[in-house]
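Q: I should like to learn how features of a protein model are read. Where should one begin?

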Amino acid sequence: MGGLSSAAAQNGLLFGTAVCTSDVLAQPLTRAILRDCSIVTPEYEMKWDAVCPNPGFPDYSAADELVSFALANALAVHGHTLWWHESVPPALRTEPEKRFREAAMDHLQATVTRYAGRLHSWDVVNEPLEPADGRADSLRETPFLSAFGPGYIETAFHQASLLDPAAILVLNEMGLEYASPAAEDKRRQMLALLEREKSRGTPIACLGIQSHLTALEQPRNHPELRTFLREVRAMGLTVMITELDVSDHLCPRDRRRRDAIVADTYRAYLDLVLEETEVLAVSTWRLSDDRTWLNGFRPRPDGAPQRPLLYDRAIRRKPAWHEVEHALSKERQPGSDEAPP
Ligand code: G3I
């Protein structure tokens, strides 16, 4: 260990990033991963559509390679993700509900069994909420909801818990971090969902907060987020920051200014989260700028490549790396009980 994983360990948490098999072959990046990380998340290759492009013929070779690389280097693995509406194999998207149910359950059981006892944690269900879909429970309209009903979350977590009792089971969600009425509504709906699932005995241990942030939009302080995190902690749930990155599409083009604004966003966000709740791990969504998903999802108006992460495209540390290290290693007082400022 060294670098960010050491900094994180000072506060009893893990630091990691999302990786692909191609990363573990790229020497400079691999060295940075091994220096900085104590946990890794397969960015794509453990997903249902990656494992089963052709239903009935699963191919776990890439996921196996990532798990082997991690375990050979004493890195924990965060499994990502078992049931997610965006990673259903294309051939199954139009199948009748009974066939979909069987295929989804087969995939979950086979995948959890395959890695049982070797993973730190699993994103069992990813992005279950979508208030805009108009349901009273704000569940997103997905093939899982159609095929299993609203109990699909309970079903998935119970099955995963039976097949891998050692893994920390995570409900992972996007858009809980922002300062908007929609995000506040989603936070309220998430708390209601967690309460419902808890009352059913669904074995959710941890809330995954994806944390895809936008520089100049993410507020430095954020009382509503503080309150939310305290309520999650009061429910006895831990938190994982699962997909942290900071889009710079609103920032000026000047690299030094952009990098400084991004670095400050990382620092302020992690200070807030680490103050308010019990975080098991902080993971960025890739470590270096060179292949960030944001260039496709949030291209900068000026066409310049995004600089959202901790290392630049030449695998050199950026100001954000230093701000993250500072936040991870900072001595923390457990969140006090008075109302947030
Ligand atoms: O590598 C294959 C290639 O062999 C194949 O020919 C081609 C055919 O489409 O696909 C290539 O895989 C792509 C993969 O990324 C690896 O680059 C997939 O098309 C592409 O859909 C996939 O995108 C990933 C996306 O999730 C969908 O799985 C992104 O890398 C990944 O960053 C993104 O991550 C998601 C999280 O899982 C959930 N939270 C949001 C986050 C951002 O969308």
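A: Begin with the naming of elements: helices and strands are DSSP runs, numbered from the N terminus, with a strand needing at least two residues. The model discussed here is predicted. Strand β3, for example, covers residues 76–83, and T81 lies in it.

Q: Which two residues does a cis peptide bond join, and what is omega there?
A: The cis peptide bond joins H80 and T81, with omega at about -20°. T81 belongs to strand β3.

Q: Which residue other than glycine has a positive phi near 70°?
A: That residue is S211. S211 is located in the loop between β6 (206–209) and β7.

Q: How is empty space in a protein found, and what is the volume of the largest pocket?
A: Rolling a probe the size of a water molecule over the atoms shows where empty space is left. In this model, the largest pocket has a volume of about 740 Å³. Its lining comprises 36 residues, and those nearest the centre of the pocket are M174, Y178, H212, W293 and F297.

Q: Which elements give two or more residues to that lining, and how do the lining residues divide by class?
A: The elements are α8 (181–200), β7 (212–214), β8 (238–247) and α11 (294–297). Helix α8 gives the most, with four residues. By class, the lining of the largest pocket has 14 nonpolar, 10 polar and 12 charged residues.

Q: At what angle do helices α9 and α10 pack?
A: Helix α9 (residues 223–234) packs against helix α10 (residues 255–276) at about 35°, and the axes are 9 Å apart. The crossing is right-handed. On the α9 side, L225, R226, L229, R230 and R233 take part, meeting Y269, L272, V273, E275 and E276 of α10. This contact has five nonpolar, no polar and five charged residues.

Q: How many salt bridges does a search of the whole structure find, and what does the one between R258 and D248 tie together?
A: A salt bridge is counted when a side-chain nitrogen of Lys or Arg is within 4 Å of a carboxyl oxygen of Asp or Glu. The search finds 29 of them in the whole structure. One joins the side chains of R258 and D248, at 2.8 Å from N to O. Because R258 lies in helix α10 and D248 in the loop between β8 and α10, the pair ties together parts that are 10 residues apart in sequence.

Definitions and conventions
Residues are numbered from 1 along each chain as its sequence is written. This is a predicted model: local features need pLDDT of at least 70, side-chain atom pairs count only at pLDDT 80 or more; totals for chains, interfaces and linings use all residues. Side-chain values use heavy atoms; hydrogens and water are left out. Axes are lines fitted to C-alpha atoms, for helices over the stretch in contact, and angles run from 0 to 180 degrees between N-to-C directions. A crossing is left-handed if the near helix is turned anticlockwise from the far one by less than a right angle, and right-handed if clockwise. Contact means heavy atoms within 4.5 Å. Ala, Val, Leu, Ile, Met, Phe, Trp, Tyr, Cys and Pro count as nonpolar, Asp, Glu, Lys and Arg as charged, and the others, Gly among them, as polar. On a 1 Å grid over the protein atoms alone, a cavity is a set of points where a 1.4 Å probe fits but cannot get out, and a pocket is an open set with protein on both sides within 12 Å along at least five of seven lines; lining residues have an atom within 4 Å of a point. Grid points are joined across faces, edges and corners, and a volume is the space filled by probe spheres set on the points.
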